[in-house]
Amino acid sequence: MIKHLFKEISRRPLGVVCLTILGILYICTIFSQFLAPYLPTDQDLNNAYHPPTRILMVDWRPHVQVYEQVDPSAARYEPVEGATVPVSFFASGAEYRLWGVIPADIRLFQVEETHRLYLLGSDGTGRDVFSRLLYGAQVSLSIGFIGICITMTLGFIVGGVAGYFGGRVDFAAMRMVEFIIAVPSLYLLIALRGALAEYFEPEQMYLVIVIILSLIGWAGAARIIRGMALSLRQRHFVLAAEVMGQSSFKILFKHFLPNLASYLLVAATLSIPAYILAEAALSFLGLGIQEPGTSWGLMLQQAQELKVFTLNLWWLLLPGAAIFVTVITFNVLGDVLRDIVDPRQQMVKR
Amino acid sequence: MSAFHLKVLIMHNTSNSYSSAMAGPETGRISISSSPEGIKPLLEVKNLKVYFPVHGGLLRRIRGYVHAVDDVSFNVSSGSTVGLVGESGSGKTTIGRCLVRLIRPTAGSIRYLGVETGSLSKKTFFPYRKKIQMIFQDPFNSLNPRMSVEQILGEPLSIHFPQMNIEQRRDRAAGLLRQVGLDPDHLRRYPHQFSGGQRQRIGIARALAVEPEFIICDEPVSALDVSVQATIINLLQDLQEELGLTYLFIAHDLAIVEHISNYVLVMNQGKIVEQASAEDIYRSPQHPYTIKLLEAVPRL
Amino acid sequence: MSASQGDKLLEVHNLRIDFEAHGEVHKAVQDISFSIDKGRVLAVVGESGSGKSVTGLSLTGLLPPPPVCRVQGQVFYQGKNLLQCSSKELRRYRGRHIAYIFQEPGTALNPVFTIGYQLAEAIRLHRPEVKDMRKEIIKALDMVHIHQPEKRFQDYPHQLSGGMQQRVMIAMALACRPRLLVADEPTTALDVTIQAQIMDLLKEIRDKLGMSIMLITHNFGIVSGFAHHVAVMLRGRIVEQGDALQIMKNPAHPYTRALIGCIPLLGRKLRRLPTIESEYERVSSESSDNA
């Protein structure tokens with residue numbers, strides 16, 4: 001089925017574009033520590049609000065233009081004529097643990113320590129926006145995946161069991177779902193976040209938020225899956241499996257899951273953006289990721305100073321653009337997937 | 001029919017309760033047991049009732065009951081084919097499903113080889129799942145579209161023959177395909193790659209996989225083209241001869257039922273209104289409903 | 001066939017229908033010609049995948065547009081080539097001149113409207129001159145022998161049985177007084193008893209209204225006593241056509257003989273049912289006549 005999907009996506013230009021964008025985004029996220037020249041916490045107060053540095057070619061080697069601060073209060077920098085620093089590739093930089101395990105210090109590009117390379121400018125404390133975007137992507141892009149895994153698993157189990165067994169099980173499950181859907185989620189989040197804050201480290205807060213989000217989110221999925229399970233239950237191949245004595249557990253996983261898979265995939269793709277946006281919104285409200293951690297939502301929140309607008313510090317709004325691109329791409333990909341899956345489903349149903 | 005098949009009998013064990021199940025006095029045909037003395041029928045159904053509750057109102061209280069199957073009794077003897085004919089909504093499918101416990105009967109007894117199976121627990125009924133199998137009506141609906149033929153046929157094998165390894169299972173699946181007249185090379189194909197008749201053959205192969213004794217054929221040909229119907233009917237008859245199977249053949253078309261069955265039960269509105277040998281049903285139908293069914297069969 | 005040129009209601013010449021999917025061309029109908037006379041019944045008999053349904057749909061452009069599906073040839077309806085009409089013109093012919101009934105009445109009726117409403121819609125669309133709609137609906141339902149039409153027309157489709165739903169479909173098709181009724185497997189999804197009733201109804205309509213009918217079916221059993229002409233289709237081609245009685249009595253093509261032979265008949269105690277040779281039976285897996 002996965003193979004079939006890839007084949008069908010590769011037929012559609014829109015699908016190929018989406019897959020490419022997402023592929024690049026996720027590869028960048030996975031190798032963010034290697035790709036980022038600095039640590040996200042690496043400050044340089046002398047270079048606050050530094051604009052993106054120019055890259056020049058000198059003797060066929062890329063060099064970084066050196067800047068001079070003209071007016072510290074207005075964050076104005078002027079390039080120093082003729083002064084450049086060479087960029088060295090695969091040089092050792094700040095130490096890190098690749099994927100939290102392998103100790104390393106090789107980074108894709110570096111400049112000598114006396115100067116700084118700001119591909120996408122720096123923020124108010126002179127931290128590299130490019131590096132922070134990459135590190136932030138680890139949070140912002142994985143949150144959707146982890147969230148959706150929890151949501152879909154819970155949704156499938158509860159919805160599938162309710163639809164398959166019906167009767168009292170169904171009744172109990174659906175009342176629970178209605179209860180969860182009725183809970184005002186934003187208030188619950190704020191309350192839980194407040195109550196749990198003192199028990200968790202800031203880094204762990206990330207996981208807590210995902211779990212809270214998906215514990216609220218599964219109910220909607222469960223209700224839809226239950227409806228589909230109810231109709232699957234009447235299909236004769238499920239009856240045939242029962243007649244041959246197949247266990248309920250296996251019927252759920254061998255007969256229901258593969259037939260719901262295409263729906264689950266489309267639903268997952270379409271709801272990942274919701275998680276990305278939710279994380280951004282929470283971080284923006286100060287309820288999500290906290291300093292010194294980083295995420296796109298948090299970066300966006302830090303960009304909401306008046307200064308950013310009056311001094312045209314446009315690079316600080318790039319996390320917003322990153323969220324925008326990711327969300328749009330996931331939505332379009334979800335639509336492409338639905339187009340692929342739907343006619344097939346109709347054919348199967350005859 | 002070959003001599004192998006025993007004559008079917010429908011016995012009146014308790015004639016009082018039985019005749020009350022008949023629709024009226026004009027249907028009082030007495031069927032005479034022609035089975036050898038002392039041989040128990042394979043299946044005995046006695047006073048079977050299935051009532052479905054009708055819910056209504058705000059609290060979904062039970063408002064009343066639909067009498068889907070209302071006091072039905074019949075027997076099926078080993079090696080025979082009993083036809084169950086009636087219109088949609090007559091309760092014939094419900095009876096079939098009761099026998100394999102897809103539906104729990106409200107009252108009555110179902111005895112398989114003398115054992116009361118109606119009251120068995122899920123676990124103790126499990127061995128009967130190997131003996132009683134079912135073939136479904138809609139060949140487009142009865143095969144999981146996401147499973148290959150090998151997986152479809154392998155599923156019952158893995159349940160009832162857990163000692164088989166993958167190769168043995170594949171060999172058996174290929175053998176089953178050959179048995180139902182399909183190419184064993186098609187094991188890796190998926191249901192949508194087959195025509196309706198071929199799918200029904202796969203459905204039959206799946207039922208045969210566990211080496212059953214008794215197969216309930218629930219409208220196995222009514223969704224098929226007339227030309228394909230004939231091939232499936234012939235296949236079912238060949239398999240019966242070869243494997244000594246017993247069939248309960250459920251259909252709405254009396255012509256097909258009359259062709260394949262030794263004994264025919266005519267059902268209307270949850271009750272068996274007439275039962276007789278296939279020949280008697282055709283030659284001298286008693287109940288007006290049977291006559292109506294006979295008249296509906298197209299003639300050339 | 002002794003009908004003179006003037007009696008022909010519909011003439012189809014060299015009709016070809018190709019479907020294209022994933023770069024492969026599937027020839028659903030290959031060069032068939034037939035005609036339907038005024039007030040007569042043509043039965044198109046064939047198995048699933050023989051192209052009989054798409055032939056019926058192609059008459060009024062009900063097939064998907066190119067490049068998915070390409071229709072070639074000529075379909076003359078009262079001298080006008082329907083295949084060259086614009087979709088707007090075709091819409092005028094659909095319902096008003098050529099009406100359809102399909103296999104599954106349950107899916108052809110909208111479940112959220114009463115049958116009366118749906119009937120009224122059909123009548124209003126094609127006969128805006130009708131003043132007393134209620135009377136017209138009751139008349140239409142009465143014609144297809146629905147009891148107590150004045151009560152029934154407020155029912156929703158799910159409140160009716162399959163046979164009743166098909167009657168409503170027929171009433172809707174007839175409401176516009178079409179010249180040609182295309183009945184695509186009208187009884188296949190129904191019980192044998194209901195099947196007989198619907199065929200009786202169609203017979204009555206044929207005689208009473210003098211309308212032409214194109215009956216598409218896989219079952220020769222419902223053809224006899226109903227159709228005047230028969231065309232037998234096999235894999236997109238007409239292998240035999242002619243007078244119904246003649247063909248039923250004396251089929252020339254072996255395939256026709258096989259199709260007639262395999263009908264289950266009562267009291268014919270055969271050891272085995274006659275079947276169609278495996279060569280014909282093998283329906284290509286891609287064919288999707290009913291899809």
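This report describes chains A, B and C of a predicted model, moving from whole chains to the contact between chains B and C and then to the interior of chain C.

**Chains A and B**

The secondary structure of chain A comprises twelve helices and five strands, while that of chain B comprises ten helices and ten strands. The C-alpha trace of chain A extends over about 85 × 50 × 40 Å along its principal axes. The table sets out burial and the contacts that link residues distant in sequence for these two chains.

| Chain | Residues | Buried residues | Contacts at a separation of 6 or more that join residues 24 or more positions apart |
|---|---|---|---|
| Chain A | 350 residues | 38% | 69% |
| Chain B | 300 residues | 51% | 70% |

Chain A is divided by the domain assignment into domain 1, made of residues 2-29 + 133-345, and domain 2, made of residues 46-127. The C-alpha centres of domain 1 and domain 2 of chain A are 36 Å apart, and the contact between these domains involves seven residues of domain 1 and seven residues of domain 2. On the side of domain 1 of chain A that touches domain 2 of chain A, six residues are nonpolar and one is polar, with no charged residues.

**The contact between chains B and C**

Chain B contributes 31 residues to its contact with chain C, and chain C contributes 29 residues. On the side of chain B that touches chain C, at least two residues each come from helix 6 (196-208), helix 7 (226-243), helix 8 (254-260) and helix 10 (288-296) of chain B. Helix 7 of chain B supplies the largest share of that side, namely eight residues. By class, the residues on the side of chain B that touches chain C are 15 nonpolar, eleven polar and five charged.

**The nonpolar core**

The largest nonpolar core contains 236 residues, and the residues with the most contacts inside it are Phe249(B), Ala43(C), Leu119(C) and Met214(C). Helix 4 of chain A, residues 129-165, gives the most to this core, with 16 residues. Leaving aside residues up to four places away in sequence, Met214(C) touches Ile36(C), Leu42(C), Val44(C), Gly56(C), Leu180(C), Val182(C) and Ala183(C).

Val182(C), one of the residues that Met214(C) touches, is also the bridge partner of Tyr100(C) in strand 7 of chain C. Strand 6 (residues 98-101) and strand 7 (residues 180-184) of chain C run parallel and are joined by four bridges. Within strand 6 of chain C, Ile98(C) and Tyr100(C) point one way and Ala99(C) and Ile101(C) the other way, yet all are buried.

**Helix 4 of chain C**

Leu119(C), among the residues with the most contacts inside the core, is also one of the buried residues of helix 4 of chain C. The other buried residues of this helix are Ile115(C), Gly116(C), Gln118(C), Ala120(C), Ala122(C) and Ile123(C). An α-helix has 3.6 residues a turn, so residues three or four places apart point the same way. The cover over the buried residues of helix 4 of chain C includes helix 5 (133-143) and helix 7 (162-175) of chain C. Because helix 4 of chain C has twelve residues, 115-126, a rise of 1.5 Å a residue gives an expected span of 16 Å, and the 17 Å between its end C-alpha atoms agrees with that.

Conventions
Residues are numbered from 1 along each chain as its sequence is written. Chains are lettered from A and ligands numbered from 1 in the order in which they are written. This is a predicted model: local features need pLDDT of at least 70, side-chain atom pairs count only at pLDDT 80 or more; totals for chains, interfaces and linings use all residues. The expected span of a helix is 1.5 Å times one less than its number of residues. A residue is buried if 20 or more other C-beta atoms lie within 10 Å of its own, exposed if 12 or fewer, and partly exposed in between; C-beta atoms are placed from the backbone. Two residues are in contact if their C-beta atoms, placed from the backbone, lie within 7 Å. Ala, Val, Leu, Ile, Met, Phe, Trp, Tyr, Cys and Pro count as nonpolar, Asp, Glu, Lys and Arg as charged, and the others, Gly among them, as polar. Domain bounds come from an automatic or database domain assignment. A nonpolar core is a set of buried Ala, Val, Leu, Ile, Met, Phe, Trp, Tyr and Cys residues joined through C-beta atoms within 7 Å. Two strands pair if DSSP finds at least two bridges between them.
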